[in-house]
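Subject: Structure handover

Hello,

The structure is below, followed by notes on what was found in it.

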Amino acid sequence: MRRVSILVVVSFAFVTSAPSQDKKPPEKRDLPKVLYAIPLIAKPGEKQKITLRGKHLAAVKEVKVTGSDAAKVKFLAAKAAAVPNNYPAERIGDSEVEIEFELPKDVKPGEVKLTAIGPAGESAAYTLLVRDELPVVAEKEPNDGFDQPQPITVPSAVEATIKGERDVDVYKIEGKEGDKLRIEVQAARYGSPVDAVITLYDSGRAVVDSADDTAGSSDPVLVVTLPKDGAYFLSVMDANDLGGANFGYRLVVRPAK
Ligand SMILES: [Ca+2]
Ligand SMILES: [Ca+2]
């Protein structure tokens, strides 16, 4: 019952505040918004096609890049895009822009930003996730369980996707007692719809440690000291069991400082 009365108050507050929202110029509400890039991770030194997914992007005619003077960007196309049933459009995006993009080899990760420009104005700058110096590993499906894990070495950066609902990605790491590892997923901070959860298991499949959200982000960071020599399994999944081709993430495993 208490919940019902709270709902009434909330909806009343929404109704009374609605007229002031209507006074905003319409173009403010239609500003393009870039949520994330597909693929999520940009590759320095390679010409690549990137799709920017977001809101109010179907009428975008230009994308500009900042943070790298030598970067080249070319607008290819923009269109509305379907949102799967029951998926939140605010997180998935309902429109997209395709660009051809080239970053110089010596680009500084973290500094490259893209801005979409449409009839109503410019989007906020979107910070691209760019490969750094870590060895790159492409995810290899199927890696869905303890019986078929994907072996990775430390350090590495795995470029992967939660490819569908209830997809679980399992990686296998060899370690020694006392090794201190920092295991991190980069996804939500770059707008990916993935809310990652990571769990580390020992060779007997007992949980060593796990992480979900860290420091104001739904990206997990796990710093762990391995309790013994041997194989470990690391699983990555979405906290809401959602997934799809847009659900990119980067898994970074490296020695902790
Ligand atoms: Ca996967
Ligand atoms: Ca999470």
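A pocket here is defined on a 1 Å grid over the protein atoms alone: it is an open set of points where a 1.4 Å probe fits, with protein on both sides within 12 Å along at least five of seven lines, and lining residues have an atom within 4 Å of a point. Grid points are joined across faces, edges and corners, and a volume is the space filled by probe spheres set on the points.

This is a predicted model, in which local features need pLDDT of at least 70 and side-chain atom pairs count only at pLDDT 80 or more, while totals for chains, interfaces and linings use all residues. Residues are numbered from 1 along each chain as its sequence is written, chains are lettered from A and ligands numbered from 1 in the order in which they are written, and side-chain values use heavy atoms, with hydrogens and water left out.

Pocket

The largest pocket has a volume of about 200 Å³. It is lined by 17 residues, of which Pro39, Leu40, Glu159, Ala160 and Thr161 are the closest to its centre. Two or more lining residues come from each of strand 1 (33–38), strand 11, strand 13 (156–161) and strand 20 (248–255). Strand 13 gives the largest share, three residues. Strands are DSSP runs of E, at least two residues long, numbered from the N terminus.

Calcium sites

Donors are N, O and S atoms within 2.8 Å of the metal (3.2 Å for Na, K and Ca); water is not among the atoms, so sites may look incomplete. A site is irregular if it fits none of these: four donors are tetrahedral if all angles lie between 85 and 135 degrees, and four are square planar and six octahedral if opposite donors are over 155 degrees apart and all others between 65 and 115.

The calcium ion (ligand 1) is coordinated at 2.1 to 2.7 Å by Glu139 (OE), Glu141 (OE), Thr161 (O), Asp167 (OD), Asp169 (OD) and Asp169 (OD). The angles that its six donor atoms subtend run from 51 to 158°, which makes the arrangement irregular. The sequence spacing of the donor residues is E-x1-E-x19-T-x5-D-x1-D. Of these donors, aspartate 169 is buried at a relative accessible area of 0%, and threonine 161 is partly exposed at 24%. Buried means under 20% relative accessible area, exposed over 50%, and partly exposed in between (1.4 Å probe, protein chains only).

The calcium ion (ligand 2) has as donors Asp195 (OD), Ala196 (O), Asp212 (O), Asp212 (OD), Asp213 (OD) and Ser218 (O), at 2.2 to 2.8 Å. This site is irregular too, with angles of 63 to 169° among the six donor atoms. Its donor residues follow the spacing D-A-x15-D-D-x4-S. Within that set, alanine 196 belongs to strand 16 (residues 196–202) and aspartate 213 to the loop between strand 17 (207–211) and strand 18 (221–225), 17 residues apart. Alanine 196 is buried, at 0% relative accessibility, whereas aspartate 213 is partly exposed, at 47%.

Aromatic pairs

Rings of Phe, Tyr and Trp (its six-membered ring) pair if their centres lie within 6.5 Å; planes under 30 degrees apart are stacked, over 60 edge-to-face, and the rest tilted. There are three aromatic pairs in the structure. In one of them, phenylalanine 146 and tyrosine 201 are edge-to-face, with ring centres 4.9 Å apart and planes at 90°. Phenylalanine 146 is in the loop between strand 11 (136–138) and strand 12 (150–151), and tyrosine 201, 55 residues away, is in strand 16. Phenylalanine 146 is partly exposed at 27%, while tyrosine 201 is buried at 17%.

Phenylalanine 146 also pairs edge-to-face with phenylalanine 233, at 5.1 Å between centres and 75° between planes. Phenylalanine 233 is in strand 19 (residues 230–238), so this pair ties together parts 87 residues apart in sequence. Phenylalanine 233 is buried, at 8%. Phe146, Tyr201 and Phe233 are thus linked by ring pairs into a cluster.

Two further residues

Glutamate 98 is in strand 6 (residues 95–102) and is partly exposed at 29%. Its C-alpha is 4.3 Å from that of threonine 51, although the two are 47 residues apart in sequence. Beyond four places in sequence, glutamate 98 contacts (heavy atoms within 4.5 Å) Lys49, Ile50, Thr51, Lys74, Phe75, Leu76 and Ala77.

Threonine 115 is in strand 7 (residues 113–118) and is buried at 5%.

Regards

Technical notes
Helices (H or I, at least four residues) and strands (E, at least two) are DSSP runs, numbered from the N terminus.
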